[in-house]
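Student: Hi! I've just opened this one and don't know where to start. Can you walk me through it?

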Amino acid sequence: MSQPARLVLTLVLVWGTATPVAAAQVERAVRKRSVVVASNPTDALPVVRVARDTPTVFLFPAPINRKTLTFDESRIHVLDAGERSVIVQPMADLPDGERYEIGVFFADGRAPARAAFSLVTDPAEVDIQINVQRPELAGTACPVDEPRAPRPEDFVLLGLVDKEGVSATPIKGHRDVKQGISVVSAIAYRGNGWVLVDADIRNEAGHSPWTPRVATLTGRVGLPLKARIVQVESGAIPAGEYRRVLIATETSQLSASPVFTLEMVGDGRTLTLPNVRLPKAASAGVP
């Protein structure tokens, strides 16, 4: 047999054996599955199989915060993100052994707060629909996992901190002899859409224990704005001791006053802190 004839026969044999393999790679079996999200940050992420020519739909059991959706934009294309769904499709089949994470926070804040998945490409199967489920953490028979500590990326993903960062302004201490309550030190912070006053409050000796229960910020114009109180240590502040107290509110309803009065009403006594200068937005500079 001549050399050209042998070459043609060899190519035909190789092509004939390679074609079924290529067909098997293209014809993936499609699957619809239910997947439970990880309840602990240390748990392995559930695996979802994606393919270049097939969209994969994630259906969530509760509304999601679409602004917190994270994925590798160089590899994954998000076709649509709704209140309870996300549709994804890789730009190309992911190489064997490579995994890419996609995650999003639920809007209700209930644990587990984030749903994350590990995307892979399987030559035999592809998931066209993933019914996302959250593990049942409540109940006496099952232990409840402690919520994970917040991470720096959470503040950015939730929109609490943006490119402008956080600005801060010190607040002068104040002692109310008549009420028997003092602000030993305080500082005000401002981020994207929020302000927070971090204060060390002392309950003077000789007075009954005191718990701040209602806080308001009142400017020179506008109505008083109710704020949220967070005590680092639970319980009343004993006489002669101090506690760290955080007071937070949203800036969307905050008046444009340069100076505010912070009032905290507690058990029979009221702490009034005048001349509270809140920081301006970071882009505008600190007063």
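Tutor: Happy to! Let's begin with the terms: helices (at least four residues) and strands (at least two) are DSSP runs, numbered from the N terminus. Keep in mind that this is a predicted model.

Student: Okay, how many helices and strands does the protein chain have?

Tutor: There are 2 helices and 18 strands in the protein chain.

Student: What does the pLDDT of the chain average?

Tutor: The average pLDDT is 84, and 84% of the residues score at least 70. Residues 2–25 are another matter: their pLDDT is below 50, and this stretch has 3 contacts in the model beyond near neighbours in sequence. Over residues 139–145 the pLDDT also stays under 50, and there the model has 7 contacts beyond four places in sequence.

Student: Let's go inside. Which residues have the most contacts in the largest nonpolar core?

Tutor: Those are Val197, Ile201, Ile247, Leu262, Met264 and Leu278, in a core of 26 residues. Several strands each supply at least two residues of this core, including β13 (194–203), β16 (241–250) and β17 (260–265). A second, separate core has 23 residues, among them Val88, Leu94, Tyr100 and Leu119.

Student: Why would side chains like that gather inside?

Tutor: In soluble globular proteins, nonpolar side chains tend to be buried together.

Student: Back to Ile201, what does it touch?

Tutor: Leaving aside residues up to four places away in sequence, Ile201 touches ten-odd chain positions I'd list in part: among them are Ile181, Trp210, Tyr242, Val245, Met264 and Leu271.Student: And Val276, is that buried or exposed?

Tutor: Val276 is buried, with a relative accessible area of 0%. This residue lies in strand β18. Beyond residues up to four places away in sequence, Val276 touches Ile171, Pro258, Val259, Phe260 and Leu262.

Student: How far is Val276 from Leu217?

Tutor: They are 59 residues apart in sequence, and their C-alpha atoms are 9.1 Å apart in space.

Student: Now the outside. Which residues make the nonpolar surface patch?

Tutor: Phe155, Leu158 and Leu160 make a patch of about 240 Å². Leu158 is found in the loop between α2 (152–157) and β10 (167–171). Leu158 counts as partly exposed because its relative accessible area is 41%.

Student: And how much does the whole chain expose?

Tutor: About 16600 Å², with carbon and sulfur atoms supplying 56% of it. Of the 287 residues, 34% count as buried.

Note on methods
Residues are numbered from 1 along each chain as its sequence is written. This is a predicted model: local features need pLDDT of at least 70, side-chain atom pairs count only at pLDDT 80 or more; totals for chains, interfaces and linings use all residues. Side-chain values use heavy atoms; hydrogens and water are left out. pLDDT is the predictor's confidence in each residue, from 0 to 100. Contact means heavy atoms within 4.5 Å. Patches are made of residues with over 30% relative accessible area and no salt bridge: like charges are joined within 9 Å, nonpolar side chains (Val, Leu, Ile, Met, Phe, Trp, Tyr) within 5 Å. Accessible areas come from the Shrake-Rupley method with a 1.4 Å probe; for residues, only the protein chains shown count as cover. A salt bridge is a side-chain nitrogen of Lys or Arg within 4 Å of a carboxyl oxygen of Asp or Glu. Buried means under 20% relative accessible area, exposed over 50%, partly exposed in between (1.4 Å probe, protein chains only). A nonpolar core is a set of buried Ala, Val, Leu, Ile, Met, Phe, Trp, Tyr and Cys residues joined through side-chain atoms within 4.5 Å.
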